[in-house]
Amino acid sequence: MSGSSFAGVGEVRAAHRFDPGRLAAWMAAHVDGFEGPLTVEQFKGGQSNPTYRLSTPARRYVLRRKPPGVLLPGAHAIEREARVIAAVETAGFPVPHVHALCDDDSVIGTPFYVMAMLEGRIFWDATLPGETPSARAAIYDSMNAAMAQLHRIDPVAIGLGDFGRTGSYLERQIARWSRQYLEDEAAGRDPHMDRLIEWLPAHLPASDETSLVHGDFRIDNIVFAGDAPDISGVLDWELSTLGHPFADFAYHLMMYRMPPLTIPGLAGAD
């Protein structure tokens, strides 16, 4: 599946429609500087939490909401996502500014938040076709620098000391994944997975530090400046928590090892 199929906007899908008039009235009361009329379109991406482009004559916004219907407990935590974005912005980390959060289902049917729309480039192909080798290197370096900046933020200092459990993050993750694999007998067994379940707990890193982790740090969740490798904003914080920074780094490394299927990957590229 090509990531480019998630690019752009279109008509709001039937299952995700709502009354734009009610939203406009809410924004007039809660978003500084908002003036209609309002046009609503839906991004093709943002599959987990439906995401919309809101356009007015003066500016554009982005709306992220919980999907309608029955949800698993703790899933699609829009309120949590808005909280972490607003918090890391105070530390100077590049994210869109969150204008307002709404937990009132009566406005559009589910909780949502409205943030600034960042203009720039999103790369759906990790090989960065059309870029020079030096430009590619600068873009990858910007990703590494942003990750290092995130992991240097003190969660307590920005009000996120309670954003997750501290300590033993990798151990807890491996135990959860192993339990889920072993309990799902219908999925079958793979000898490589069985070997990993034995190997990983015996090779945990000696350090047990805790930092903010993004949880989905990859190139297509980042907006880059239109004419430079600088990062304008990191998106999609739904999986963020307190954890070991190695988790973000290992997830980022998948880009270098995975083929370009469901995520932008570099396997097989020159």
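1. Strand 3 covers residues 51-55, and 5 of its 5 residues are buried. This is a predicted model. Two sets of side chains leave the strand in opposite directions: Thr 51, Arg 53 and Ser 55 point one way, Tyr 52 and Leu 54 the other. Both sets are buried. In a regular strand, side chains alternate between the two faces of the sheet.

2. Next, the neighbours of strand 3. Strand 2, residues 39-43, is joined to strand 3 by 4 bridges. The two run antiparallel. Strand 4, residues 60-65, also runs antiparallel to strand 3, with 5 bridges between them. Strands 3 and 4 form a hairpin, and 4 residues lie between them.

3. Arg 53 is a useful residue to look up here. Glu 41 has Arg 53 as its bridge partner in strand 3. In strand 4, Val 62 stands opposite Arg 53. Arg 53 is itself buried.

4. How far can the prediction be trusted, by its own score? The mean pLDDT of the protein is 92. A value of 70 or more is reached by 93% of the residues. Confidence is lowest in strand 1 (residues 9-10), with a mean of 86. It is highest in strand 9 (residues 231-234), at 98.

5. The largest nonpolar core has 38 residues. Those with the most contacts inside it are Val 84, Val 88, Phe 93, Leu 212, Ile 219, Phe 224 and Trp 237. Helix 2 (78-90), strand 6 (112-116), helix 4 (133-152), strand 8 (222-224) and strand 9 each give two or more residues to this core. Another core, of 20 residues, lies apart from it. Its members include Trp 26, Cys 102, Val 107 and Ile 108.

6. Leu 212 shows how distant parts of the sequence meet. Leaving out residues up to four places away, Leu 212 touches, among others, Val 84, Val 88, Leu 150, Ile 153, Phe 163 and Leu 242. The contacts of Leu 212 also include His 151, Thr 241 and Asp 248.

7. Thr 127 sits in the loop between strand 6 and helix 4. Is Thr 127 buried or partly exposed? Its relative accessibility is 26%, so Thr 127 counts as partly exposed. The side chains of Thr 127 and Asp 125 share a polar contact of 2.7 Å.

8. Thr 127 also meets remote residues. Beyond four places in sequence, Thr 127 is in contact with Arg 136, Tyr 140, Leu 266 and Ala 269. Pro 264 is 137 residues from Thr 127 along the chain, yet their C-alpha atoms are separated by 8.2 Å.

Note on methods. Residues are numbered from 1 along each chain as its sequence is written. This is a predicted model: local features need pLDDT of at least 70, side-chain atom pairs count only at pLDDT 80 or more; totals for chains, interfaces and linings use all residues. Side-chain values use heavy atoms; hydrogens and water are left out. Buried means under 20% relative accessible area, exposed over 50%, partly exposed in between (1.4 Å probe, protein chains only). Two strands pair if DSSP finds at least two bridges between them. pLDDT is the predictor's confidence in each residue, from 0 to 100. A nonpolar core is a set of buried Ala, Val, Leu, Ile, Met, Phe, Trp, Tyr and Cys residues joined through side-chain atoms within 4.5 Å. Contact means heavy atoms within 4.5 Å. A polar contact is a pair of N or O atoms within 3.5 Å; within protein, one must be able to donate a hydrogen and the other to accept it, and residues adjacent in sequence count only if both atoms are side-chain atoms.
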